[in-house]
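I opened a new notebook page for this one. My plan is to look at charged pairs and at how helices pack.

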Amino acid sequence: MAKEEGSSVVYDLVDFLNASPTAFHAVDEAKKSLRSAGYEQISEKEDWKLEAGKKYFFTRNHSTIVAFAIGKKYVAGNGFYIIGAHTDSPCLKLKPVSKVTKGGYLEVGVQTYGGGLWHTWFDRDLTLAGRVIVREENGGVVSYSHKLLRIEEPIMRIPTLAIHLDRGTDGFKVNTQTHLLPVLATAIKAELNKVVASNGPVESDSQTDGKKSNEKTTLEDAKHHSLLLQLLASQLGCKPNDICDFELQACDTQPSIIAGATKEFIFSGRLDNLCMSFCSLKALIDATSSDNSLEDEAGVRMVALFDHEEVGSNSAQGAGSPAMLTALSRITNSFTSDLKVVEKAIQKSFLVSADMAHALHPNYMEKHEENHQPKLHGGLVIKTNANQRYATNSITSFLFREIASKHKIPTQDFVVRNDMGCGSTIGPILASGVGIRTVDVGAPQLSMHSIREMCATDDVKHSYQHFKAYFQEFAHMDSKITVDM
């Protein structure tokens, strides 16, 4: 890959990160890229009429997306070459009732999502993003639409307690129920700045003793601060009363950037796991972009980006759902009436589970096993765990590593220390649920699950190169190894 192309991948990733504060936005950005590359959107609610040599994608809940390109030589029973990643990251999500008033402040009630480093969320300039269900009326006909929302400017902050008021010997400890509440406004300023809505003045609870009359109202008035609803409505171009429900999360407003004294790092939130999501998606698009890229392909190239990995994947749109197996079955069955053929196809298939990896930390080197210390700039990390926290085995690691060796792309190895617990990925979930051969890999990073993480620009290039080569060459490499014969 030319130097200019490698640099372009890095800048494109930064743009993707800045456009994707939530899983919903990440999927929306992925849809735009796929459509621009000639991929056709299909729906799980409809029958699929697929053709060899064509490219498709579908979404589930608008937070999971699956894209695939069918080789021109594909026949039912041939394999799928897949990269799986996830769209979600640890964050603070608004509670169903977010209205909190304490000590003269309007605060926003949030719940922790995933295993975040919550102390990093203090003293950050925060905003809101997510999706909103909006009521719309046209000619007397009422409908409801799903709209993505992002407020660009900082509107909230979680202030730390001054050291003078925290002289305890235990240091800074976060109580996620009582301490992790973003401040939206002071009560007095919110009262002074109330606007007159088109359906009448908004009265405070103190004026009406909690009861309102002669005023259109919704359940949301009791659930969320009116100031918050006004901000959302202003952003969406609707009335506060037209907001029916939402899934919103707090987001850092500091943009993702290429940084460091030699511009070798990316500083950003959500690198875990939007970095792998982007690299895999771009690799698929570029490996299927030319007129003849699928000419000799006999399999199906696929990327599956799932939601809810950070909380166990057990949802309708998580990797623990039947989404992957259903997709493989529907694609296979579009080319045959024999329902058993998909079982053969799965045994010819391969999954790269791509989730960011732990780079060696210079200030905590003892946290890594002596012979397994992935470095920034060192390429994708192949993760192994004897207790199957990762799905890698000798065959799957060999195949993935051989593709890299052919292109002189570096790879690394990671095994967790025996005296430490090991995280996991969607790899074991899909390997056991679908029965597909799997290798667990990821680009090395520091500060995983912080509001602000970091990785190396070279590893973005290495990941993209490796994934693209995998799509183009795995079938040929796989044909050279014999197992279970």
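**Entry 1: a charged pair between helices**

I started with glutamate 473, which is buried because its relative accessible area is 16%, and the cut-off for buried is under 20%. The model I am reading is a predicted one.

Next I looked up the partner. Glutamate 473 and lysine 406 meet through their side chains in a salt bridge, at 3.3 Å from N to O. Glutamate 473 sits in helix α12 and lysine 406 in helix α10, so this pair ties together parts that are 67 residues apart in sequence. Lysine 406 counts as exposed, at 51% relative accessibility. So I have a buried glutamate 473 paired with an exposed lysine 406.

**Entry 2: the two helices themselves**

Two packed helices are described by the angle between their axes and the distance between the axes, so I looked up both. Helix α10 covers residues 394–406 and helix α12 residues 457–478; their axes come within 9 Å and cross at roughly 115 degrees. That makes α10 roughly perpendicular to α12. The crossing of α10 past α12 is right-handed.

Which residues make the contact? From α10 they are Leu399, Phe400, Glu402, Ile403, Ala404 and Lys406, and from α12 they are His466, Phe467, Ala469, Tyr470, Glu473, Phe474, Met477 and Asp478. I sorted the contact residues by type: 9 are nonpolar, 1 is polar and 4 are charged. Both ends of my salt bridge from the entry above, Lys406 and Glu473, are in this contact.

**Entry 3: other salt bridges**

How many salt bridges does a search of the whole structure find? The search gives 22. Side chains of opposite charge can pair when their charged atoms come close. I noted a few more cases.

- Lysine 147 and glutamate 136 meet in a salt bridge through their side chains, 3.2 Å from N to O. Lysine 147 is in strand β8 (residues 141–150) and glutamate 136 in strand β7 (residues 126–138), so the pair ties together parts 11 residues apart in sequence. Lysine 147 is partly exposed at 28% relative accessibility, and glutamate 136 is partly exposed at 29%.
- Arginine 417 forms a salt bridge with aspartate 419, and their closest N and O atoms are 2.7 Å apart. Arginine 417 is partly exposed, with a relative accessible area of 27%, while aspartate 419 counts as exposed at 55% relative accessibility.
- Asp12, Lys282 and Asp286 are joined into one network by salt bridges that share partners.

Key
Residues numbered from 1 in each chain as written. Predicted model: local features only at pLDDT ≥ 70, side-chain atom pairs only at ≥ 80, totals over all residues. Heavy atoms only, no water. Axes fitted to C-alpha atoms, helices over the stretch in contact; angles between N-to-C directions. Helix = DSSP H or I, 4+ residues; strand = E, 2+ residues; numbered from the N terminus. Parallel < 35°, antiparallel > 145°, perpendicular 65-115°, else oblique. Left-handed = near helix turned anticlockwise from the far one by under 90°. Contact = heavy atoms within 4.5 Å. Nonpolar A, V, L, I, M, F, W, Y, C, P; charged D, E, K, R; others polar. Salt bridge = Lys/Arg side-chain N within 4 Å of Asp/Glu carboxyl O. Buried < 20%, exposed > 50% of the residue type's maximum accessible area, 1.4 Å probe, protein only.
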